[in-house]
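Here are a few notes to read alongside the model. Keep the 3D view open and click on the residues as they come up.

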Amino acid sequence: MRSLSPRLTAIVDALPLTPGMRVLEIGGGTGAAAKAVAGRVGDGHILMIDRSATSIDQAWKGAAAEIDAGLMSVRRIAVEDFTLLPDEARFDLAFAVRVGALDGRHPATGRLALRRIADALTPRGRLFVDGGDPLRRLSLPHRDT
């Protein structure tokens, strides 16, 4: 897998990552950022989701060592359809880069996506997207738990 671009490096550097954290990357493409995050969360875990079969295949190939070690997993699903698997723990943090449902390009899909993300995060979980300096935090809908 090629190294991170300067833009993705700045984004990963800006994430408030700590060892043991569970992280969800939305629209992870080739998995380059997810692989970098896997190296920073120690015994934590990152799940990268993407709607593209090609992206998921590239991520599997590029991060095989991280996946085999249990530090990273990938799943083909659109964010607006995402739900936790049975017995899957919630995530402490989620982030997305250039995801139309979260950057205002698709408002209706965005509302559904935010609900799905909120349901997948811990009560203190946070969502970051590109477009800030380099990230901005998005507000999530009210969560019952």
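1. A word on the labels to begin with: UniProt positions follow the numbering used here, and its annotations may be inferred rather than shown by experiment. Also remember that you are looking at a predicted model.

2. With that in mind, an unreviewed UniProt entry lists residues 23-125 as "domain: Methyltransferase". The C-alpha atoms at the two ends of that span are 10 Å apart. Helix makes up 35% of the span and strand 25%.

3. Now find helix 5, residues 107-120. Its 14 residues reach 20 Å from first C-alpha to last, close to the 20 Å expected at 1.5 Å a residue. Which of its residues are buried? They are Gly 110, Ala 113, Leu 114, Ile 117, Ala 118 and Ala 120. These buried residues sit on the same side of helix 5 because they cover an arc of only 155° around the axis. Turn to the other side and you'll see Ala 108 and Arg 111, which are exposed.

4. What do the buried residues of helix 5 pack against? Strand 1 (22-26), strand 4 (91-96), strand 5 (121-130) and strand 6 (135-138).

5. Helix 3 (53-62) is worth a look too. Ser 55, Ile 56, Ala 59 and Gly 62 are its buried residues. They fall within an arc of 135° when you look down the axis, so they line one face of helix 3. On the other side, Thr 54 and Lys 61 are exposed. The buried residues pack against helix 2, strand 2, helix 4 (64-68) and strand 3.

6. Check the start of helix 3 as well: Ser 52 caps the N-terminal end. A side-chain oxygen of Ser 52 lies 3.2 Å from the backbone nitrogen of Thr 54.

7. On to the inside. In soluble globular proteins, nonpolar side chains tend to be buried together. Here the largest nonpolar core has 24 residues, and those with the most contacts inside it are Leu 15, Val 23, Val 37, Ile 46, Met 72 and Phe 95. Several elements each supply at least two residues of this core, including helix 1 (6-14), strand 2 (45-50) and strand 3 (72-76). Helix 2 gives the largest share, four residues.

8. Try selecting Leu 15. Leaving aside neighbours within four places in sequence, Leu 15 is in contact with Val 37, Leu 93, Phe 95, Phe 128 and Leu 135. Another core, of 22 residues, lies apart from the largest one; among its members are Ile 26, Ala 101, Ile 117 and Leu 140.

Terms used: Residues are numbered from 1 along each chain as its sequence is written. This is a predicted model: local features need pLDDT of at least 70, side-chain atom pairs count only at pLDDT 80 or more; totals for chains, interfaces and linings use all residues. Side-chain values use heavy atoms; hydrogens and water are left out. The expected span of a helix is 1.5 Å times one less than its number of residues. Buried means under 20% relative accessible area, exposed over 50%, partly exposed in between (1.4 Å probe, protein chains only). The arc is that of the directions from the helix axis to the C-beta atoms. Contact means heavy atoms within 4.5 Å. A nonpolar core is a set of buried Ala, Val, Leu, Ile, Met, Phe, Trp, Tyr and Cys residues joined through side-chain atoms within 4.5 Å. A polar contact is a pair of N or O atoms within 3.5 Å; within protein, one must be able to donate a hydrogen and the other to accept it, and residues adjacent in sequence count only if both atoms are side-chain atoms.
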